Amino acid sequence: MRKKLLTLSLAAAMCLAGFTACGESGSEEPTTVETEAETEEATEKEDDTEATEKATEEASEETSESEQTSVEGKELDANYWTLVYDDTVWQYEEEDFTDDDTKSSITLSIPGTDDDVIVSAEISAAIGDPYGFRDDLYNYGMDEKAYVDGSLDAEIVNVGGQDLIKYEGQYWGSDSIRYFNRLESANETVSFRIYGDIANEEVQKLVDGITFKVEDIGNEDGPWYWEGTPIDFGELSTTVGDVNLTAKQLKMDDPYVTHEIFNQRLAVAGGKAYILLETEIRVYDIGDGGLTYNTSYELEEDFESIYSTSDGKIFIAGFMAPIVEWKDGETVCKYEGNDLKRVEFAPDGSFAISHFTDGSDCCKVVLNGDGTYTSTPISFPEIKTLSYLTITDNHIIVTGTSAVEDEGHIICVYDMDGNFQVQLEEEGETVGIGSVTYVYETDSNYVALDGNMRTIPVWNKDGGYKGRAEDSDLFGTNYPWFCGGCKGDDGNFYAIITEDREDESATEAIVYNISGF
């Protein structure tokens, strides 16, 4: 497919016709679009129309803008670009320069005093797939469909002989300008990023010194998300020991396409699935055929977790942020306090656990229903560095690194008062527990979602290991991330994961109902 860029001026149209690009251009010699005498003659003609006068005036302005100072200095010739720069101003280390068959990149800087850097520049041209570029469009708030159809609301600047998108923002806490684009026919993505003192007079000289080398090989990128095939794994079953697990994908009528792999969270209440991603909650109706999109809500701040209680209430929370009882886009009640770090709720909503990384420094939080809460310390000393915590109907289950040296990642089960009950281990496995994002408890078993291992391990209630299912066997997936799970107010076990489509057109967040314990 061919992508078009928005061109708002006569000069940009001339670029497409073979004229040198105007404005911030590359190393090509400026081309005169229209002579001064011809411009004057055109403006002196009394019978010229207003449209002709306007076009001539714009052409003259663009001609003036296209004039640039010749760049002098040292030439650095790489496989995918040539750079002429002042080596008395800009410096780089050898390890910051890469040049091979698939990529040419370099990081240069203007050093300041006491090891400070005044401004840095990163130049890259890489052969490969378009997905990182598409992620950048999304992350910069640019509409992918507008990029394709040529209506992108962004400034287009010629840099190094190529029309690149200009984006201004922050990069590692510094002011930044980035020029970037996907050169589809060459299977190449190019980028020129400047950060720090971006107003430094040496910056534009460096930009003017780059010339990108582009070879049209007739490449066509894969489909965009709206052109691709949505994920449909249907229903799959597998056996772990004496447990028969079945996972049914609740297919969405409006697929949840995402550029964020790890942070989707799920709650189920009142026949609806609530999917949280930072500042948005999407609501789907649960039916026999899957999930039907209902509505979306924009939140005023970032949240990282969402919970449903057995009586149908919804709570959302974030790191060192308030706990909010939420309903249909409105705040019902807000709980604020210094004790609130990351929180996990009991299924009945009777309490929550506030925690961070230290397993010995947690709090049991009881909400009073009026914006106040009581907090009492609770400790999980078997866990040195806490990563995830789940509260079931009967237990608090904590995952993290063991307080015992060299024991690695473990899962510990406690009663509701924090008394140690049993440790869950994967006996006989070459690679043990990774990053567990949820543990579901049934009458007979514990079932975990291990994001790092992409497995679903199962234990009996005494901690006896039964084995584990591979993601491909239970979910049909290739390389997913298990974002998390929840127990719905209907008593069912739900999981939300992210997975790339087979045609690589998008990553989707997909929801499963897991049963058969």
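Helices (H or I, at least four residues) and strands (E, at least two) are DSSP runs, numbered from the N terminus. Two strands pair if DSSP finds at least two bridges between them.

The model is predicted, so local features need pLDDT of at least 70 and side-chain atom pairs count only at pLDDT 80 or more, while totals for chains, interfaces and linings use all residues. Residues are numbered from 1 along each chain as its sequence is written, and side-chain values use heavy atoms, with hydrogens and water left out.

**Exercise 1. The hairpin of β11 and β12**

Task: Find how many residues lie between the strands of the hairpin of β11 and β12, and which residue takes a positive phi.

Solution:
- Step 1. Strand β11 covers residues 235-240 and is joined to β12 by six bridges, in the antiparallel sense.
- Step 2. Strand β12 covers residues 243-249.
- Step 3. V240 has V243 of β12 opposite it.
- Step 4. Two residues lie between the strands, and G241 takes a positive phi near 60°.

**Exercise 2. T246 in its strand**

Task: Decide whether T246 is buried or exposed, and state which side chain its own side chain meets in a polar contact.

Solution:
- Step 1. T246 belongs to strand β12.
- Step 2. Its relative accessibility is 19%, so T246 counts as buried (under 20% relative accessible area; exposed is over 50%, partly exposed in between; 1.4 Å probe, protein chains only).
- Step 3. The side chain of T246 makes a polar contact with that of S237, at 2.7 Å. A polar contact is a pair of N or O atoms within 3.5 Å; within protein, one must be able to donate a hydrogen and the other to accept it, and residues adjacent in sequence count only if both atoms are side-chain atoms.
- Step 4. Neighbours within four places in sequence aside, the contacts (heavy atoms within 4.5 Å) of T246 are E235, L236, S237, L474, N513, I514 and S515.

**Exercise 3. The sheet of seven strands**

Task: Give the strand order of the open sheet of seven strands, and say which strands are at its edges.

Solution:
- Step 1. The order is β3-β4-β5-β9-β8-β7-β6, and the pairing is antiparallel.
- Step 2. The edge strands, each paired on one side only, are β3 (97-99) and β6 (155-159).
- Step 3. On average, neighbouring strands of this sheet are turned by 20° against each other, direction ignored. Axes are lines fitted to C-alpha atoms, for helices over the stretch in contact, and angles run from 0 to 180 degrees between N-to-C directions.
- Step 4. Look at one pair: β7 (residues 162-171) and β8 (residues 174-183) run antiparallel and are joined by seven bridges. G169 has S176 in β8 as its bridge partner.
- Step 5. Helix α4 (residues 131-139) packs on the sheet and touches β7, β8 and β9 (188-196), with its direction at about 135° to that of β8.
- Step 6. Helix α6 (residues 201-208) lies across β4 (103-111), β5 (117-127), β6, β8 and β9, and runs at about 165° to β9.

**Exercise 4. The largest nonpolar core**

Task: Name the residues that touch the most other members of the largest nonpolar core, and the element that gives the most to this core.

Solution:
- Step 1. A nonpolar core is a set of buried Ala, Val, Leu, Ile, Met, Phe, Trp, Tyr and Cys residues joined through side-chain atoms within 4.5 Å.
- Step 2. The largest core has 31 residues, and W81 and F192 touch the most other members.
- Step 3. Elements that give two or more residues are β2 (81-85), β4, β5, β6, β8, β9, α6 and β10 (210-212). Strand β5 gives the most, four residues.
- Step 4. Not counting residues up to four places away in sequence, F192 touches A121, E122, I123, V159, I177, R178, Y179, L206, V207 and I210.
- Step 5. Another core, of 21 residues, lies apart from this one; among its members are I456, A469, F475 and Y512.

**Exercise 5. Y147**

Task: State in which helix Y147 lies, and whether Y147 is buried or exposed.

Solution:
- Step 1. Y147 is in helix α5 (residues 144-149).
- Step 2. Its relative accessible area is 1%, so Y147 is buried.
- Step 3. The side chain of Y147 makes a polar contact with the side chain of N181, at 2.6 Å.
- Step 4. From Y147 to R134 there are 13 residues in sequence and 9.8 Å in space, C-alpha to C-alpha.

**Exercise 6. The whole chain**

Task: Find how many helices and strands the protein chain has, and what share of its residues is buried.

Solution:
- Step 1. The protein chain has seven helices and 35 strands.
- Step 2. Of its 517 residues, 47% are buried.
- Step 3. Of the contacts between residues at least 6 apart in sequence, 48% join residues at least 24 apart.
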